[in-house]
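Welcome to a short set of exercises on charged side chains. Have a look at the model first, then work through the tasks below.

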Amino acid sequence: MKKFRPNKKRMILVPGLVVVIISFAFLGFQTSREFKYTKSLDIFFTLFRELNLYYVDETDPEDLVYTAIDHMLESLDPYTTFIPESDLDELNLMTTGKYGGIGSLVRKNGEYAVISEIYRGFPADEAGIRPGDIILEVNGQSIRNMPLEKVSDMLKGLPNTSVEILFTRPETEKPFRKILKRQVIHIPSVPYAGIIDEGIGYIRLSNFTRNSASEVKNAFLSLKKQADLRGLVLDLRSNPGGLLMEAVDISNIFVERGQEIVSTRGKVEQWDHTYRTRFTPVDTEIPLTILVNRSSASASEIVAGALQDLDRAVVVGQRTFGKGLVQTTRPLSYNAQLKVTTAKYYIPSGRCIQALDYSHRNEDGSVGHIPDSLISEYQTRNGRTVYDGGGIRPDAEVEPFPLSRIASHLYVQNLIFDFATLYALHHPDIPEPRQFSISDSTYRAFGRFIEDRNFDYLSETEETLKTLISHAKREKYYEPAAEEIARLQKIISHNKEQDLITFREEIENLLEEEIAKRYYYQEGSFAASLDHDNQIQAAVQILNDRAQYASLLQPDPHREIQTASRQK
């Protein structure tokens with residue numbers, strides 16, 4: 001029998017052939033990719049040229065290109081966006097918290113714009129401008145029926161430049177003119193901090209712009225000087241996020257140096273990075289609760305999730321938004337920018353906070369139901385079970401008290417705002433926000449005020465019945481049931497006068513917050529809300545109950561999510 005003898009030349013040739021085949025395959029893949037790239041751009045360019053040459057109506061080349069860009073990016077994730085040069089101010093505001101302007105917010109009021117809020121110490125405040133003042137002209141140009149964005153752009157500008165504004169004020173006969181010098185407006189990341197219960201501090205963080213960590217640290221140190229703190233509430237509700245390193249440095253205030261807070265991983269290796277705390281912490285022992293809701297996103301979720309994973313804080317509120325994607329800004333031609341998603345966030349337990357499906361959300365933007373089969377379990381430092389699948393699940397779930405129909409309509413129709421404007425015109429001062437309350441006479445005056453404005457609304461039941469009647473008429477079922485429907489309408493019809501009595505407490509709360517803002521600015525509104533905010537009260541209750549606080553940070557096989565008391 002002839003023995004098989006390996007051919008050394010063949011053994012050398014076969015691996016070499018494999019390498020050649022792989023190389024050609026890779027080269028073919030790259031060539032195919034480059035060809036598609038070149039082919040696609042060529043098709044777009046020729047289409048764009050032909051469209052501009054032969055389309056029946058005049059076209060705007062810039063609008064066509066921007067529309068094409070926007071639709072292209074919409075096919076990706078929601079956070080990869082094109083930023084033209086004209087929108088760079090907004091980008092700078094998001095990252096620095098600064099812009100050039102007069103220090104006010106505006107909203108639409110019929111045909112004109114109205115000042116909705118004034119920032120303390122800036123040009124509008126120093127010139128005596130008040131919330132409720134109506135803008136008629138900017139630099140001699142009428143702003144009647146002008147889009148609100150354009151009005152806002154006209155008020156902004158380079159620091160030390162002037163803007164002339166013609167105002168009118170409710171209950172005044174003549175318009176008045178003000179010339180304001182714009183300056184750099186810095187919106188604080190911490191709009192309010194204070195002692196809200198005996199030994200319990202509270203810090204509200206509204207965004208993660210440059211120096212947010214310093215603001216939180218300084219606020220915390222100030223609270224420690226004011227009182228012997230037994231606990232702290234860090235409020236991240238409706239905080240959309242911002243700069244990643246600010247999230248790391250804020251976490252660092254409460255955890256030791258060198259601790260991993262978040263890591264990023266993406267397709268391009270240069271975006272893979274682990275972020276650790278860099279400084280000596282301020283306090284690693286103080287009991288800490290973190291408030292979150294469905295609009296807490298990105299950097300807010302890093303702080304809440306990292307401190308939950310490290311068993312350093314009890315997270316209270318609602319499941320967060322679920323934005324765990326990293327964006328990097330890349331420069332384009334003509335000073336435009338591309339904000340492109342380059343990686344995902346992973347917090348210390350290893351879980352990703354990104355929603356598994358970011359394209360299908362609930363109406364409020366929150367994460368929808370995710371099948372259990374797609375959710376993975378992870379462990380905190382103490383061995384507690386936590387989950388991925390979208391956002392941070394709170395350790396103590398507390399839903400905010402929903403507003404009644406009448407209260408929400410009063411707010412949305414700006415009647416709360418308009419009454420506060422008139423109240424401030426007739427009252428030179430009020431007590432401190434937490435001592436201020438709506439008197440019986442003031443509430444009666446509010447009732448007369450909304451009656452003069454012909455205020456009315458439909459309950460949700462009435463709106464549903466209205467829709468039913470519309471469908472019944474279209475399908476010709478209405479006539480046979482007209483009498484029954486009329487009786488039902490009478491039964492479910494709301495009583496406005498009774499609703500004003502039934503829901504007086506929450507209407508008064510809204511009035512107190514808006515009126516306090518007129519005298520004590522944004523921090524006054526926050527202070528006025530503290531004592532009737534059930535989520536804050538739940539967080540304080542947990543801090544005051546040391547046994548409950550400790551148990552929430554320890555593994556319990558029989559507990560997934562505890563629901564805190566909702567006593568008001």
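## Charged pairs, step by step

E111 has a relative accessible area of 35%, so this residue is partly exposed. Keep in mind that the model is a predicted one.

**Exercise 1.** Find the salt-bridge partner of E111 and work out which parts of the chain the pair ties together.

*Solution.* Start with the contact: E111 pairs with R144, and their closest N and O atoms are 3.1 Å apart. Next, place both residues. R144 sits in the loop between strand 6 (141-142) and helix 5 (148-155), while E111 sits in the loop between strand 3 (104-109) and strand 4 (112-118), so the salt bridge ties together parts that are 33 residues apart in sequence. Finally, check the surroundings of the partner: R144 has 47% relative accessibility and therefore counts as partly exposed.

**Exercise 2.** Are D133 and R169 buried or exposed, and how far apart are the closest N and O atoms of their salt bridge?

*Solution.* Begin with the distance: the closest N and O atoms of D133 and R169 are 2.8 Å apart. Then locate the two ends. D133 belongs to the loop between helix 4 (123-126) and strand 5 (134-138), and R169 to the loop between strand 7 (162-168) and strand 8 (176-181); the pair links distant parts of the chain, 36 residues apart. For the last step, recall that buried means under 20% relative accessible area. D133 is at 1%, so it counts as buried. R169 is at 15%, so it counts as buried too.

**Exercise 3.** Which helices hold E451 and K496, and is each residue buried or partly exposed?

*Solution.* First, the contact: E451 and K496 form a salt bridge whose closest N and O atoms are 3.7 Å apart. Second, the helices: E451 is in helix 11 (residues 440-452) and K496 in helix 14 (residues 496-502), so that distant parts of the chain, 45 residues apart, are linked. Third, the accessibility: E451 is partly exposed at 42%, whereas K496 is buried at 14%.

**Exercise 4.** Step back to the whole structure: how many salt bridges does a search find, and which residues form a network through shared partners?

*Solution.* The search finds 25 salt bridges. R204, D235, R237 and D533 are joined into one network by salt bridges that share partners.

**Exercise 5.** Which residues gather in a patch of positive charge on the surface?

*Solution.* The patch brings together R33, K36, K39 and K267. Now take one member: K39 lies in helix 1 (residues 8-54). With a relative accessible area of 45%, K39 is partly exposed.

Methods. Residues are numbered from 1 along each chain as its sequence is written. This is a predicted model: local features need pLDDT of at least 70, side-chain atom pairs count only at pLDDT 80 or more; totals for chains, interfaces and linings use all residues. Side-chain values use heavy atoms; hydrogens and water are left out. Patches are made of residues with over 30% relative accessible area and no salt bridge: like charges are joined within 9 Å, nonpolar side chains (Val, Leu, Ile, Met, Phe, Trp, Tyr) within 5 Å. Accessible areas come from the Shrake-Rupley method with a 1.4 Å probe; for residues, only the protein chains shown count as cover. A salt bridge is a side-chain nitrogen of Lys or Arg within 4 Å of a carboxyl oxygen of Asp or Glu. Lys and Arg count as positive and Asp and Glu as negative; His and the chain ends are not counted. The place of a charge is taken as NZ of Lys, CZ of Arg, CG of Asp or CD of Glu. Helices (H or I, at least four residues) and strands (E, at least two) are DSSP runs, numbered from the N terminus. Buried means under 20% relative accessible area, exposed over 50%, partly exposed in between (1.4 Å probe, protein chains only).
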